[in-house]
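Please open the model in your viewer and keep the sequence panel beside it, since this tour moves from one selection to the next and says what is found at each stop.

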Amino acid sequence: MAITANEVEHVASLAKLKFTDEELQKFTGQMDAIIDMVEQLQEVDTTGVPVTSTVTDATNVMREDVAVKGTDRDLLMENVPEHQDGLIKVPAIIDESEEA
Amino acid sequence: MDYFKTDLKGVHEALVKKDLSVEELTQETFATIKDRDQKIDAFLALNEEKAVKKAQAIDARGVNQDNVLDGIPVGIKDNIVTKGLTTTAASKMLYNFNPIYNATVMDKLDEAGMITVGKLNMDEFAMGSSTETSTFKKTKNAWDQTKVPGGSSGGSAAAVASGQVLAALGSDTGGSIRQPAAFNGIVGVKPTYGRVSRFGLIAFASSMDQIGPLTRNVYDNALMLNAISGHDSRDFTSSAKEVPDFTQGIDQGVKGMRIAVPKEYFSEGVDADIQAAVKDAIKTFEKLGATVDEVSLPYSKYGVPVYYIIASSEASSNLQRFDGIRYGFRADDVKNLEDVYVKSRSEGFGDEVKRRIMLGTFSLSAGTYDAFFKKAAQVRTLICRDFENVFANYDLIIGPTTPTTAYGLGERIDDPVTMYMNDILTIPVNLAGLPGMSLPAGFSHKMPIGLQLIAPRFREDTMYKAGFAFEQATDFHKAFPVIGGQN
């Protein structure tokens with residue numbers, strides 16, 4: 001299975017990443033080699049084999065439903081790039097460069 | 001205090017006898033770091049002011065003579081969050097991240113009286129095997145500064161191996177404690193999945209990540225694991241199983257121990273010198289009274305592809321949180337919200353992190369999910385069963401930690417597949433959630449060789465006993481590097 005630059009670009013858009021043309025070229029080649037490597041799994045017969053998604057013995061860990069004090073809001077804002085009146089500031093969702 | 005010539009107990013005794021104060025020990029440690037780390041580049045940040053204050057406080061109340069770790073300096077991998085001390089995961093994405101809370105392991109080390117001297121370099125978000133994907137600096141191998149320290153806990157391993165600290169914490173998702181421990185000739189342990197709380201460990205692959213200690217000998221390692229283990233209500237995957245004292249009975253020896261050696265761990269990709277060192281180790285264990293048989297782990301050869309699909313898939317999900325909104329790097333010159341996400345992520349993440357996010361997103365996307373993610377999760381089951389079959393009849397598995405010794409800086413960084421294959425001997429342990437140790441077992445062209453011990457789930461005690469017995473019977477752990485000809 002060979003992966004094309006178009007497919008790599010599509011996956012990038014799903015992952016909210018953007019590549020320059022030069023990067024796209026490099027990533028397509030490397031992704032292709034990695035996918036080649038992982039494709040050897042296709043030779044393994046896994047008929048009827050269940051998946052392993054965790055290696056703990058624990059199932060549904062429950063806790064008492066008691067109220068606990070949350071983290072102080074000012075403290076939570078410590079690492080926020082831009083905030084005002086206890087709210088996080090972000091740019092407009094609508095592109096400001098386009099005519100409304 | 002020369003860390004090459006002592007151990008945790010030795011330093012503790014000196015503190016109790018007041019040969020030196022905790023403050024003097026701390027000051028000396030910083031002096032050594034400032035000198036030696038010019039050559040090694042293991043530390044990303046030092047915590048000098050707070051460390052000295054804490055040392056003075058311990059001196060004021062007196063060192064607890066029943067607690068070996070009290071007042072002893074420790075280094076911390078930079079993906080473990082430390083309250084009030086910048087934690088970057090070696091990524092531009094978190095260059096300015098100042099945690100408002102401690103990881104559970106940090107609370108435990110604080111409680112044990114350990115003094116955090118600084119944060120240690122690593123591969124960005126723990127993705128890499130050489131510490132070269134760090135955004136900030138290239139750490140050097142303690143034995144040869146033209147070679148990589150291994151990774152991703154390369155800073156932790158190099159700091160311990162170069163005598164800057166006696167103990168450090170790292171994290172291991174596919175070998176990230178054991179491989180750098182092997183490359184630097186020290187002891188590194190990845191505990192059983194669930195033994196140590198992951199709360200406050202910046203998530204890479206949540207079904208495999210585990211924090212563990214790196215030290216210069218086996219006993220010190222057991223002391224450190226004692227301090228960080230245990231159930232934590234903030235990590236639902238942490239185990240409620242009682243934590244034994246891992247130093248208890250550590251000197252009981254290996255008489256009657258049933259040891260298995262997987263034939264797959266001696267494939268042609270493993271250097272001849274490393275194969276020879278492991279075969280010597282087998283003879284040592286036999287001489288000490290263990291029985292050793294060859295076994296097979298037939299599915300272990302699929303470990304690398306299974307791991308890269310599963311770990312990358314989990315990473316692509318875990319790393320969605322880095323969007324430039326609430327913390328970390330936010331790109332400038334953005335026109336709308338979508339721009340904040342895409343530009344912050346594209347400028348904030350390095351190439352290896354992007355490759356993993358891309359492979360993970362690809363493996364989980366419609367049309368490829370069954371052939372990639374589901375298939376890998378099924379083969380993971382077969383790898384787990386391989387180990388179950390062996391552990392039905394054996395107490396311990398031994399083999400090499402790595403196929404080669406440390407390679408040159410820059411040698412493999414542009415070849416992801418070769419870099420990934422380097423983890424072939426450590427990855428299956430993470431996939432199955434088992435405990436694993438690497439300890440010094442020889443040298444090849446003056447570079448350290450690591451012996452890997454693998455035990456059944458929650459049987460770290462077996463691993464420590466075997467490691468301790470091997471160490472008593474050999475001299476490899478006594479060797480230390482000369483750094484820049486000046487120590």
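## Chain B as a whole

Begin by selecting chain B, where 62% of the 487 residues count as buried. Bear in mind from the start that this is a predicted model, and that the values given along the way are computed from it. Chain B has 15 helices and 11 strands, and its radius of gyration is 21 Å, close to the 23 Å that the globule rule gives for 487 residues, so chain B is as compact as a globular protein of that length. If you turn chain B along its principal axes, its C-alpha atoms fill a box of roughly 65 × 55 × 45 Å. Among the contacts of chain B with a separation of 6 or more, 76% are between residues 24 or more positions apart.

## A pair of helices in chain B

Next, select residues 22–40 of chain B, which form helix α2, together with residues 48–61, which form helix α3. At what angle do the axes of these two helices cross? They cross at roughly 155 degrees and come within 7 Å, and that angle makes α2(B) roughly antiparallel to α3(B), because angles over 145 degrees are counted in this way. To see the contact itself, show the side chains of B:Val22, B:Glu23, B:Thr26, B:Gln27 and B:Phe30 on α2(B), and on α3(B) those of B:Glu48, B:Ala51, B:Val52, B:Ala55, B:Gln56, B:Ile58 and B:Asp59. Colouring the contact of α2(B) with α3(B) by residue class will give you 6 nonpolar, 3 polar and 3 charged residues.

## Loops with unusual backbone angles

Now turn to the backbone, keeping one general point in mind: most residues other than glycine have a negative phi, and most peptide bonds are trans.

Select B:Ala90, in the loop between β2 (73–77) and α4 (104–111) of chain B. B:Ala90 is not a glycine, and yet it has a positive phi of about 55 degrees. Is B:Ala90 buried or exposed? It counts as buried, because it has 33 C-beta neighbours inside 10 Å, and the cut-off for a buried residue is 20 or more.

Move on to B:Thr131, which is placed in the loop between β3 and α5 of chain B. B:Thr131 is also not a glycine, and its phi is positive at about 65 degrees; with 34 other C-beta atoms within 10 Å, B:Thr131 is buried.

Stay with the loop between β3 (115–120) and α5 (154–161) of chain B, and select B:Ser152, which lies in it. The peptide bond that leads from B:Gly151 to B:Ser152 is cis, with an omega near 10 degrees.

## An enclosed helix

From there, select helix α5 of chain B, in which 8 of the 8 residues are buried, so the helix is largely enclosed by the rest of the structure. The buried residues to highlight in α5(B) are B:Gly154, B:Gly155, B:Ser156, B:Ala157, B:Ala158, B:Ala159, B:Val160 and B:Ala161. After α5(B) comes B:Gly163, which has a positive phi, near 75 degrees.

## Chain A

Switch the selection to chain A, whose secondary structure comes to 3 helices and 2 strands, arranged α-α-α-β-β from the N terminus on. The radius of gyration of chain A is 23 Å, well over the 13 Å that the globule rule gives for 100 residues, so chain A is more spread out than a compact globule. Along the principal axes, the C-alpha atoms of chain A fill a box of roughly 55 × 55 × 25 Å, and 12% of its 100 residues count as buried.

## Where the two chains meet

Finally, show both chains, and look for the 43 residues of chain A that are in contact with 51 residues of chain B. On the side of chain A that touches chain B, the largest share, 7 residues, comes from α2(A). By class, that side of chain A has 28 nonpolar, 9 polar and 6 charged residues.

Zoom in on helix α2 (residues 21–38) of chain A and helix α11 (residues 351–364) of chain B, which pack at an angle of about 55 degrees with their axes 11 Å apart. That angle makes α2(A) oblique to α11(B), and the crossing of the two is right-handed. Which residues should you display here? In α2(A), A:Phe27, A:Gln30, A:Met31 and A:Ile34 meet B:Arg355, B:Met358 and B:Leu359 in α11(B). The residues of this contact between α2(A) and α11(B) divide into 5 nonpolar, 1 polar and 1 charged.

Definitions and conventions:
Residues are numbered from 1 along each chain as its sequence is written. Chains are lettered from A and ligands numbered from 1 in the order in which they are written. This is a predicted model: local features need pLDDT of at least 70, side-chain atom pairs count only at pLDDT 80 or more; totals for chains, interfaces and linings use all residues. Axes are lines fitted to C-alpha atoms, for helices over the stretch in contact, and angles run from 0 to 180 degrees between N-to-C directions. Helices (H or I, at least four residues) and strands (E, at least two) are DSSP runs, numbered from the N terminus. Angles under 35 degrees count as roughly parallel, over 145 as roughly antiparallel, 65 to 115 as roughly perpendicular and the rest as oblique. A crossing is left-handed if the near helix is turned anticlockwise from the far one by less than a right angle, and right-handed if clockwise. Two residues are in contact if their C-beta atoms, placed from the backbone, lie within 7 Å. Ala, Val, Leu, Ile, Met, Phe, Trp, Tyr, Cys and Pro count as nonpolar, Asp, Glu, Lys and Arg as charged, and the others, Gly among them, as polar. The radius of gyration is taken over C-alpha atoms; the globule rule is 2.2 Å times the number of residues to the power 0.38.
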